[in-house]
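Here is a friendly walk through one protein chain, starting from its interior and working outwards. Have the structure open as you read.

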Amino acid sequence: MQRPATTLILVVDNDPAVRDSISNLLTQAGYMVLQSETAEAASILITRQVPNLLVMNVALPGMDGYTFCRKLRQNPATQLLPIILQASQGDLTDKIAGFKAGANDYVTVPYAPEELLYRIKNLLSLTQKPATAQAQLSAPGRITAIFAAKGGVGKTIISTNLAVALRQISDKRVALMDADYSFGLVGANLNMSTTHNIMEIVSKIDDLDQDLFQSVMVHHISGIHILLSPFHPEEAELITGEHIKKVLHLLADNYDEVIVDCHGGYDDRTLEVLEAADTILIVIVPEIGPLMSTSRFMDLVIKLQLSPEKLKLILNRSDSKVGLEVADIERALKYKISYKLISGGRDVTISANRGIPLVTSAPNHPLSLGIKQIAEDLLKH
Ligand SMILES: Nc1ncnc2c1ncn2[C@@H]1O[C@H](COP(=O)(O)OP(=O)(O)OP(=O)(O)O)[C@@H](O)[C@H]1O
Ligand SMILES: [Mg+2]
C-alpha cells in the first residue's frame, strides 16, 4: 500500500495520542501528514495548502467537525476535498449527520488501522482518477504569459491577482506557474508554505505520471493550483527550455487557464513560454528605462515571428505623474496600450505582506477592478 510521499493528509483531533497514532500509520503507508488540534487551526493550514484528504474527529473543542465540514463544502477550493469523519459513537443518527454535513466517509472508534488505510486509499483513487480522465478528454487550455522586458514592473502582482480573478469569476480550472525560476515570489505573495515545486517534475520529466504531476501542483484556498519555482535558487540553472515546453504542455492538458509569471528578461526558457502562449501580456511602466527595453523587445517580436495579435500591453502604475503620457508611450512603442492599471500604493504592499491577493482582500479596489477586467476579457475569447 506504499504511496508516493506527495499525497498530503491532514489529521484533525484534539487528542495528541490519537493524532500521533493516525499520523504514524499514514506516514508508514507513505503519505505526508499534517496535524491540527482544532478546526480553527486546520482552517489556517488549509488556507496555506489544501491537503489531498482530511481525517477529522467530529468532537473537537471550539468548532465541531460537522460545522467545519459544512464550512469546507461552502468554499470552492475545498468543495471536493475528501473528508473522513471519525467518532466514538456508533449511532446511526451521528453518521447521517456526518454525511449530511458533506463527509465522504465515516469511521467509528475503535477501528482496525487497515480499515482506515483502505478507506483513505479508495477515496483518493475515486477523487484523483476522474481529474486525469477529464484532462485527457478536454481540449488544451489557454496559456497567458505575463512578461516584461525589465524586472520589477509588477508581473508577479498582476499574475497572482489575475489567476485568482479568473477563478473568482468563472468555474475554470486555473493554474499559475511561477516562471521566475531563481527568485520566484508567487509562493510568498500567496502565503504558501510548501516545498513542492517544478524541480520534482523536471527531475522526472521523461517518466512523469499524472499522479506525480497533480501532487506537485499546490492547491491554494482561492481554488487555483500553483506550480512553484525551485526551493533552492541554484537549482534554477538545471531547468532547460525543453523542460519548460513539456511542463507547459502538461499544464495546458490539465487546466483551462494557465497563467505564467515570467522572470524579468529573456532566455530560451522564456522563449518557450512566449511561443506556447496564446496571449502575452507585456507589463510596462511609464519610465524611460523599462520603455526602451520594451521597445527593443518589440523589435525582437518581429524577428521571433511571434504573432503580434497575441501581444497586449498593460501600463502598470499608469497614474504616476512622471511626464510620460499614454500617447507618447504608444507612439514610442508603435503599439496600443490595452490596459491601464493604477498604482495601488500601500494596499498592494499590505496584501503581499499578508499573502492575500488584492482581488480577494479588496475586491472593489480600483486595481482589483482593473485586473478583473483583464480576466473578463480573457474569458471572452
Ligand atoms: N500597481 C501597483 N501598485 C502598487 N504597487 C505595485 C504595483 N505593481 C507592482 N507593485 C509593487 O512593486 C513591486 C514589484 O512588483 P512585482 O514583484 O509584481 O514585479 P515583478 O515584475 O514581478 O518583479 P521581478 O521582475 O523582480 O519578478 C512589488 O513590491 C509590488 O508590490
Ligand atoms: Mg516577479
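In this predicted model, the largest nonpolar core holds 46 residues, and the members that touch the most others are Met-177, Ile-198, Leu-227, Leu-251, Val-260, Ile-282 and Ile-284. Helix α10, spanning residues 241-254, gives the most to this core, with 6 residues. Apart from it lies another core, of 33 residues, which includes Val-164, Val-174, Leu-367 and Ile-374.

Ile-198 is a good place to zoom in. Leaving aside residues up to four places away in sequence, Ile-198 touches Met-177, Tyr-181, Leu-227, Leu-228, Ser-229, Pro-230, Ile-239, Ile-244 and Val-247. Two of these partners, Met-177 and Leu-227, are named with Ile-198 among the core members that touch the most others.

Now step back to the whole chain. The fold is built from 16 helices and 13 strands. Among contacts with a separation of 6 or more, 73% join residues 24 or more positions apart. Is the overall size in line with a compact globule or out of line with it? The radius of gyration is 23 Å, which agrees with the value near 21 Å for a compact globule, because the chain has 381 residues. Along the principal axes, the C-alpha atoms fill a box of roughly 75 × 45 × 35 Å.

What about burial and surface? Of the 381 residues, 51% count as buried. The chain exposes about 17,400 Å², and carbon and sulfur atoms supply 54% of that area. As for charge, there are 35 positive and 42 negative charges, and their mean positions are 6 Å apart.

Finally, a few spots in the backbone deserve a look. Most residues other than glycine have a negative phi, and most peptide bonds are trans. The peptide bond from Val-109 to Pro-110 is cis, with omega near 0 degrees. Pro-110 sits in the loop between β5 (105-108) and α5 (113-137). Two residues that are not glycine have a positive phi, namely Gln-305 and Arg-317. The table sets them side by side.

| Residue | Phi | Loop | Relative accessible area |
|---|---|---|---|
| Gln-305 | about 55 degrees | between α12 (288-303) and β12 (311-315) | 71% |
| Arg-317 | near 55 degrees | between β12 and α13 (326-333) | 41% |

Are these two side by side in the table exposed or partly exposed? Gln-305 counts as exposed because its relative accessibility is 71%, over the 50% cut-off. Arg-317, at 41%, is partly exposed.

Note on methods:
Residues are numbered from 1 along each chain as its sequence is written. Chains are lettered from A and ligands numbered from 1 in the order in which they are written. This is a predicted model: local features need pLDDT of at least 70, side-chain atom pairs count only at pLDDT 80 or more; totals for chains, interfaces and linings use all residues. Side-chain values use heavy atoms; hydrogens and water are left out. Helices (H or I, at least four residues) and strands (E, at least two) are DSSP runs, numbered from the N terminus. The radius of gyration is taken over C-alpha atoms; the globule rule is 2.2 Å times the number of residues to the power 0.38. Buried means under 20% relative accessible area, exposed over 50%, partly exposed in between (1.4 Å probe, protein chains only). Contact means heavy atoms within 4.5 Å. Accessible areas come from the Shrake-Rupley method with a 1.4 Å probe; for residues, only the protein chains shown count as cover. Lys and Arg count as positive and Asp and Glu as negative; His and the chain ends are not counted. The place of a charge is taken as NZ of Lys, CZ of Arg, CG of Asp or CD of Glu. A nonpolar core is a set of buried Ala, Val, Leu, Ile, Met, Phe, Trp, Tyr and Cys residues joined through side-chain atoms within 4.5 Å.
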